[in-house]
Amino acid sequence: SATITSSTGSVLYSKGSISSADHTATENGGSIQVWVTYDANGYGTAPESGYVELESNISASLKPADIPANRVFDGWARDDEGQNLWNCDTDIVTDSMTLFATWSPFTVTVTYNGNGHGEKIPEAVAAEPGTKLEQPTQPTEKGYTFGGWYKSAAGSSDKWNFDNDTVGAEGFTLYAKWIPNEYTVIFDNQGHGTAPEPVDAAYGTTIAEPTAPTETGYTFNGWF
């Protein structure tokens, strides 16, 4: 059994000494405990500080309460910058100490969908809830004008406003809207007959065949 001797604020025992005055001990083979302080390090509510048995582990299930939606608890560290991480499986308590919570941003995935068209569609991005998205480079498509990003494939009234809209708690997809370019088709009668009136048509659509022009001494052979 360990022999406990109090001397100048230290507790001496058979395996060494504890230099901190924050301790409690039980003689005749009882446990030696030291004070562990928990610091939430800016987010949530820290667990209650208290005595922990010397050379024991800190439970991996111990974590702050009231964790905000935009943060993920990553574990404990011996410093507030998270450089000296505490390993709950292998590290043991050797003295009184403060453990600081370490955090990383909670992010959701925002995916961009070309909606059937476009070159260089933006890659998916990770974004924190409550933040605004950085507007990506616009994709391009021959014959179409890019009309913005929408929260639905139909692209009606749910356009994403990069200046005002913020990311929610779940990932989502933004769909490209494409507006077909309008073109004017002009019929050139090549100096014979009467040409039909010009026709406006959207890219990718067909036009009705106009009335064939006529010219004495000639047979109309089609439009080319």
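What follows is a walk through the fold, the aromatic rings and one loop residue of this structure.

The model is a predicted one, and the overall picture is a chain built from strands. The protein chain has 14 strands and 0 helices. Reading from the N terminus, the order of elements is simply β-β-β-β-β-β-β-β-β-β-β-β-β-β. There are 224 residues in the protein chain, and 29% of them count as buried. On the outside, the protein chain exposes about 14200 Å², with carbon and sulfur atoms supplying 45% of that area. Sequence distance matters for the contacts, too: among those in the protein chain with a separation of 6 or more, 49% are between residues 24 or more positions apart.

Next come the aromatic rings. A pair of such rings is described by how far apart the centres are and by the angle of the planes. The structure holds 13 aromatic pairs. One of them joins Tyr-38 and Trp-76, whose rings sit 5.4 Å apart, centre to centre, with 55° between the planes, and this pair is tilted. Tyr-38 belongs to strand β5, which covers residues 32–39, while Trp-76 belongs to strand β7, residues 71–77; the pair therefore ties together parts that lie 38 residues apart in sequence. Tyr-38 and Trp-76 are both buried.

Trp-76 has another ring partner in Phe-73. Here the ring centres are 5.3 Å apart and the planes meet at 70°, and because an angle over 60 degrees is what counts as edge-to-face, the pair of Phe-73 and Trp-76 falls in that class. Phe-73 is buried, just as Trp-76 is. Which residues make up the aromatic cluster that includes Trp-76? Tyr-38, Tyr-43, Phe-73, Trp-76 and Trp-103 form it together.

Away from the rings, Ser-56 offers a look at a loop. Ser-56 is placed in the loop between β6, residues 50–53, and β7. Is this loop residue buried or exposed? Ser-56 has a relative accessibility of 18%, and since buried means under 20%, Ser-56 counts as buried. Setting aside neighbours within four places in sequence, Ser-56 is in contact with Asp-91, Ile-92 and Val-93. For one of these partners the spacing can be spelled out: Ser-56 and Asp-91 are 35 residues apart in sequence, yet 8.3 Å apart in space, going from C-alpha to C-alpha.

Definitions and conventions. Residues numbered from 1 in each chain as written. Predicted model: local features only at pLDDT ≥ 70, side-chain atom pairs only at ≥ 80, totals over all residues. Heavy atoms only, no water. Phe/Tyr/Trp six-rings, centres within 6.5 Å; stacked < 30°, edge-to-face > 60°. Helix = DSSP H or I, 4+ residues; strand = E, 2+ residues; numbered from the N terminus. Buried < 20%, exposed > 50% of the residue type's maximum accessible area, 1.4 Å probe, protein only. Contact = heavy atoms within 4.5 Å. Areas by Shrake-Rupley, 256 points an atom, 1.4 Å probe, with all protein chains shown as cover.
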